[in-house]
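Visitor: Please walk me through this model, one feature at a time. Keep the answers short.

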Amino acid sequence: MGENHTAGPIEPESPAASGANPAVEQPVLGGGQRKAHHGVIGFAQDIAHRLRTPIPGAQPRVRFEMPPLREANEDDGNDAEDGGTDLGEPGPRVSKGNPIYVGLMGTVGVGIALALYYIAAHTTQLLLWILAALFIALGLDPVVRWLESHRVPRALGISVTIVALLAVLGAFFGTLIPAMVDQITQLVNNVPTWIQDFLGSDFYRSIDEQFGIKNRITEELQKLGQDSTTVTNLFGGVLGVGSTIANSLFGVLVVVVLSLYFLSAMPAMKVWAYRLAPRSRRRRVEALSEEITRSVGNYVIGQVCVAVINAGFAFIVMTILNVPFAALLAFVVGFLAFIPLVGGVVAGVIISLVALTGGWQTGLIMAIAYFGYLQFEAYFVSPRIMQRAVAVPGPVAVISVIAGGSLLGVLGALIAIPTAASVMLLIREVFITRQDRR
């Protein structure tokens with residue numbers, strides 16, 4: 001009936017002929033064909049390839065950025081074409097003479113003023129730390145920009161500047177702390193001897209016979225020992241000293257960290273600050289702000305140079321005269337040299353008094369040499385170093401230093417002259433220019 005068929009191998013049909021879909025290989029994460037590898041090397045290469053492949057669905061971190069600048073002609077053209085914004089045309093503005101508007105805005109203004117006063121009153125210490133950090137950052141910014149001009153990356157320049165500043169501070173405290181420990185040890189060891197010598201003197205015996213000082217001191221000590229509040233007050237005083245030291249160390253840490261952040265973000269901070277000004281006055285605000293920051297930076301750098309020269313001269317003279325603790329006193333002189341007007345005088349008095357321990361001749365020579373140098377510095381050194389910094393009249397400098405010291409202490413005295421120079425620049429370029437046009 002039928003034909004006989006012999007069994008044989010069945011050949012696969014081509015996809016085009018059969019119409020079936022071809023076999024699909026398993027996709028590799030990240031796309032693309034990859035040759036299979038075997039062994040440890042192949043396994044390692046496969047893991048490395050998977051690690052390099054981006055995670056599906058991952059997106060870059062969202063950053064808050066400034067909107068792009070828009071020119072005046074672009075804005076006018078868009079407003080003319082669209083007739084308003086994409087969200088519709090704005091309605092009529094409320095009249096500023098409306099009693100409800102006036103009362104509401106007045107109440108809001110008073111509330112904002114009270115809120116700002118409350119915040120400032122309760123964050124005074126933080127504001128002082130921020131001000132000190134900003135002052136330090138403005139002073140170090142010229143150094144960083146100078147390094148940038150010599151093809152040093154800004155991050156590396158900031159690191160070098162901060163390391164150099166910390167090295168100077170470390171050298172200061174490394175010299176100060178051992179000297180203080182040595183002096184305190186000598187004082188503690190000598191106090192019993194001084195007391196015994198005083199108690200055995202004829203002066204103390206005559207006073208004790210007339211007023212009975214020994215009995216009175218003994219009675220007062222017994223009363224203090226029996227009073228329970230004495231121990232409490234003493235313990236509280238010790239805790240107060242400890243908390244003060246801890247707060248001071250924390251403040252130094254905060255100022256250093258904020259200075260580092262301000263220094264690294266200085267260009268971005270300037271851009272943000274300039275964008276807050278109206279576009280029509282933005283170029284003027286930028287020019288004035290750059291002049292103020294340049295003046296403050298040059299003042300700080302110039303004052304550092306003056307302080308280094310001052311401390312170096314004092315150290316050389318004290319070394320020649322064999323004044324004790326010459327290195328420590330040189331650091332003190334350099335620190336006091338940052339305080340305008342009175343810092344050098346106070347430093348001269350201190351080192352002259354210490355030099356008196358070697359004899360009145362040594363003290364007199366030290367005083368003549370140092371105060372003579374202050375006159376040389378005032379007429380030859382400072383004018384040449386500060387010629388690119390700020391120029392403040394003498395009376396204004398004296399008044400600003402006294403006012404700054406009364407308000408903010410040492411920090412106020414340090415920033416008084418740059419602040420006065422900035423205010424005078426604004427008065428000259430803004431107020432006087434406006435008055436001359438009327």
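Visitor: How much space lies in the largest pocket?

Guide: This is a predicted model. Its largest pocket holds a space of about 2,000 Å³.

Visitor: Which of the residues that line the largest pocket are the closest to its centre?

Guide: The lining counts 48 residues. Five of them are the closest to the centre of the pocket: Ile-136, Leu-165, Leu-169, Phe-335 and Phe-338.

Visitor: Which helices each supply at least two residues of the lining of the largest pocket?

Guide: The contributors are spread along the chain, from helix 5 to helix 16 (410–437). Those with at least two lining residues each are helix 5, helix 6, helix 9 (228–264), helix 11, helix 12 and helix 16.

Visitor: How many charged residues does the lining of the largest pocket have?

Guide: Sort the lining by class. Nonpolar residues number 38 and polar residues 10. The charged class is empty, with no residues.

Visitor: How many aromatic pairs are there?

Guide: Rings count as a pair if their centres lie within 6.5 Å. By this rule there are four aromatic pairs.

Visitor: How are the rings of Trp-129 and Phe-250 arranged?

Guide: The ring centres of Trp-129 and Phe-250 are 5.7 Å apart, and the planes stand at 70 degrees. Planes over 60 degrees apart count as edge-to-face. The pair of Trp-129 and Phe-250 is therefore edge-to-face.

Visitor: How many residues apart in sequence are the parts that Trp-129 and Phe-250 tie together?

Guide: Trp-129 sits in helix 5, and Phe-250 in helix 9. The pair therefore ties together parts of the chain whose separation in sequence is 121 residues.

Visitor: Is Trp-129 buried or exposed?

Guide: Buried means under 20% relative accessible area. Phe-250, at 47%, counts as partly exposed. Trp-129 has 16% relative accessibility, so it counts as buried.

Visitor: How are the rings of Phe-313 and Tyr-373 arranged?

Guide: The centres of the two rings, Phe-313 and Tyr-373, are 4.6 Å apart. Their planes are at 20 degrees, and planes under 30 degrees apart count as stacked. So the pair of Phe-313 and Tyr-373 is stacked.

Visitor: Where are Phe-313 and Tyr-373 in the chain?

Guide: This pair links distant parts of the chain, 60 residues apart. Phe-313 is in helix 11, and Tyr-373 is in helix 14 (residues 360–385).

Visitor: Is Tyr-373 buried or exposed?

Guide: Phe-313 has 27% relative accessibility and counts as partly exposed. Tyr-373 has a relative accessible area of 7%, under the 20% cut-off, so Tyr-373 is buried.

Visitor: Which residues touch the most other members of the largest nonpolar core?

Guide: The largest nonpolar core has 39 residues. Those touching the most other members are Met-318, Val-333, Ile-351, Met-366 and Tyr-370.

Visitor: Which helix gives the most to this core?

Guide: Several helices supply at least two residues each, among them helix 13 (343–355), helix 14 and helix 15 (394–408). With seven residues, the one that gives the most is helix 11.

Visitor: How far does helix 11 reach from its first C-alpha to its last?

Guide: Helix 11 covers residues 282–320, which is 39 residues. At 1.5 Å a residue, 57 Å is expected. The reach in the model is close to that, at 57 Å.

Visitor: What is the phi of Asn-322, which follows helix 11?

Guide: Asn-322 is in the loop between helix 11 and helix 12 (326–336). With a relative accessible area of 68%, over the 50% cut-off, Asn-322 is exposed. Asn-322 is not a glycine, yet its phi is positive, about 60 degrees.

Visitor: What is the phi of Arg-151?

Guide: Arg-151 lies in the loop between helix 5 (124–149) and helix 6 (154–199). Arg-151 is exposed, at 81% relative accessible area. This residue other than glycine has a positive phi, near 65 degrees.

Visitor: How far apart in space are Val-256 and Ala-132, C-alpha to C-alpha?

Guide: Val-256 is in helix 9. Its relative accessible area is 32%, and Val-256 is partly exposed. In sequence Val-256 and Ala-132 are 124 residues apart; in space, C-alpha to C-alpha, the separation is 9.4 Å.

Key:
Residues numbered from 1 in each chain as written. Predicted model: local features only at pLDDT ≥ 70, side-chain atom pairs only at ≥ 80, totals over all residues. Heavy atoms only, no water. Helix = DSSP H or I, 4+ residues; strand = E, 2+ residues; numbered from the N terminus. Expected span 1.5 Å × (residues − 1). Buried < 20%, exposed > 50% of the residue type's maximum accessible area, 1.4 Å probe, protein only. 1 Å grid on protein atoms, 1.4 Å probe; cavity = no way out; pocket = protein on both sides within 12 Å on 5 of 7 lines; lining within 4 Å. Points joined across faces, edges and corners; volume = space filled by probe spheres on them. Nonpolar A, V, L, I, M, F, W, Y, C, P; charged D, E, K, R; others polar. Phe/Tyr/Trp six-rings, centres within 6.5 Å; stacked < 30°, edge-to-face > 60°. Core = buried A, V, L, I, M, F, W, Y, C linked by side-chain atoms within 4.5 Å.
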